[in-house]
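Here's a walk through one chain, going from its overall layout to its sheets, its core and one helix. Have the structure open and follow along.

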Amino acid sequence: MLAAETAPSGLDLRAPANRVSRRAIWYWTARAVASWVVIGAVEVLILFVGGSAIPHGRWAIVAVSILVALGHIVVMPRWRYAVHRWETTGTAAYTQTGWFTQERRIAPISRIQTVDSHRGPLEQLLELANVTVTTASAAGPLKIHGLDRVTADRLVEQLTTQAEANTGDAT
């Protein structure tokens with residue numbers, strides 16, 4: 001495996017061990033429903049306000065939209081839950097994210113610059129939080145979405161302590 005051969009300090013790009021909270025499924029479902037409600041409202045507006053300017057196949061477009069919406073609402077959250085994983089060790093933080101496009105990332109503890117936690121209103125309601133681990137990497141920060149709040153708080157504290165104790169250059 002090329003990633004293992006080129007990874008620094010014996011770190012290898014592997015599947016992380018921990019899943020996010022099962023409540024993340026509800027969060028991702030609610031966000032998908034909200035998106036499709038907006039799209040559906042626009043389609044209904046176009047159908048009824050557009051009148052005769054809309055082609056006769058308009059109901060086929062609505063039917064396709066409904067099928068795509070149902071697929072997205074039902075499949076995407078469970079698929080993301082199956083893919084999203086995270087793990088920290090004494091030397092690195094690992095993440096795996098995505099659903100169509102999947103990404104695995106690794107950040108050596110010595111490269112961590114900041115560790116942040118954030119929660120939106122719906123996440124607060126579901127007692128979820130997100131953790132962002134910023135490094136000097138051009139690929140951007142590692143993000144762990146859908147953690148339960150207690151786990152996220154503990155993870156932020158752990159990574160911050162490890163980063164402070166590490167004598168690396170954090171670049």
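## Layout of the chain

There are five helices and seven strands in this chain. Keep in mind that this is a predicted model. Starting at the N terminus, the elements come in the order α-β-α-α-β-β-β-β-α-β-β-α. Of the 171 residues in the chain, 35% are buried. As for contacts with a separation of 6 or more, 55% of them are between residues 24 or more positions apart.

## The four-stranded sheet

One piece to pick out is an open sheet of four strands, ordered E1-E2-E3-E4 and paired antiparallel. Strand E1 (18-19) and strand E4 (102-108) sit at the edges with a single partner strand each, so one side of each has no neighbour in the sheet. Helix H3 packs on this sheet and touches E1, E2, strand E3 (92-98) and E4. The direction of H3 makes about 155° with that of E3.

E1 and E2 are joined by two bridges in the antiparallel sense, and Asn 18 is the residue standing opposite Trp 86 in E2.

## E5, E6 and E7

Further along the chain, E6 pairs with E5 and with E7. Here are those two pairings, plus the one between E1 and E2 again:

| Strands | Sense | Bridges |
|---|---|---|
| E1 and E2 | antiparallel | two |
| E5 and E6 | antiparallel | six |
| E6 and E7 | antiparallel | five |

To find the register by eye, try two residue pairs. Ser 117 has Val 131 in E6 as its bridge partner, while Ala 129 stands opposite Leu 147 in E7. Six residues lie between the strands in the hairpin of E6 and E7, and in that hairpin Gly 140 takes a positive phi near 95°.

How many of the eight residues of E6 are buried? Seven are, so to speak, out of sight: E6 is mostly covered.

## The nonpolar core

Val 131 and Leu 147 turn up again in the largest nonpolar core, which has 29 residues. Both are among the residues with the most contacts inside this core, along with Val 20, Trp 28, Leu 155 and Leu 159. Which elements supply at least two residues each? They are helix H2 (23-50), helix H3 (58-83), strand E5 (112-118), strand E6 (128-135), strand E7 (142-148) and helix H5 (149-165). H2 gives the largest share, six residues.

Leu 159 is a good one to click on. Leaving out neighbours within four places in sequence, Leu 159 is in contact with Thr 88, Ile 109, Ile 112, Val 115 and Val 133.

## Helix H5, one side in and one side out

Leu 159 belongs to the buried set of H5, together with Thr 151, Ala 152, Leu 155, Val 156 and Gln 162. Why do these buried residues end up on the same side of H5? They cover an arc of only 140° around the axis, and that places them on one side. The general rule behind such spacing is that an α-helix has 3.6 residues a turn, so residues three or four places apart point the same way.

Turn the view to the other side of H5 and you find Arg 154, Glu 157, Glu 164 and Ala 165 exposed. The cover over the buried residues of H5 includes strand E2 (85-88), E5, E6 and E7.

As for its length, H5 has 17 residues and reaches 24 Å from first C-alpha to last, close to the 24 Å expected at 1.5 Å a residue.

Note on methods: Residues are numbered from 1 along each chain as its sequence is written. This is a predicted model: local features need pLDDT of at least 70, side-chain atom pairs count only at pLDDT 80 or more; totals for chains, interfaces and linings use all residues. Side-chain values use heavy atoms; hydrogens and water are left out. A nonpolar core is a set of buried Ala, Val, Leu, Ile, Met, Phe, Trp, Tyr and Cys residues joined through side-chain atoms within 4.5 Å. Buried means under 20% relative accessible area, exposed over 50%, partly exposed in between (1.4 Å probe, protein chains only). Contact means heavy atoms within 4.5 Å. The expected span of a helix is 1.5 Å times one less than its number of residues. The arc is that of the directions from the helix axis to the C-beta atoms. Two strands pair if DSSP finds at least two bridges between them. Axes are lines fitted to C-alpha atoms, for helices over the stretch in contact, and angles run from 0 to 180 degrees between N-to-C directions.
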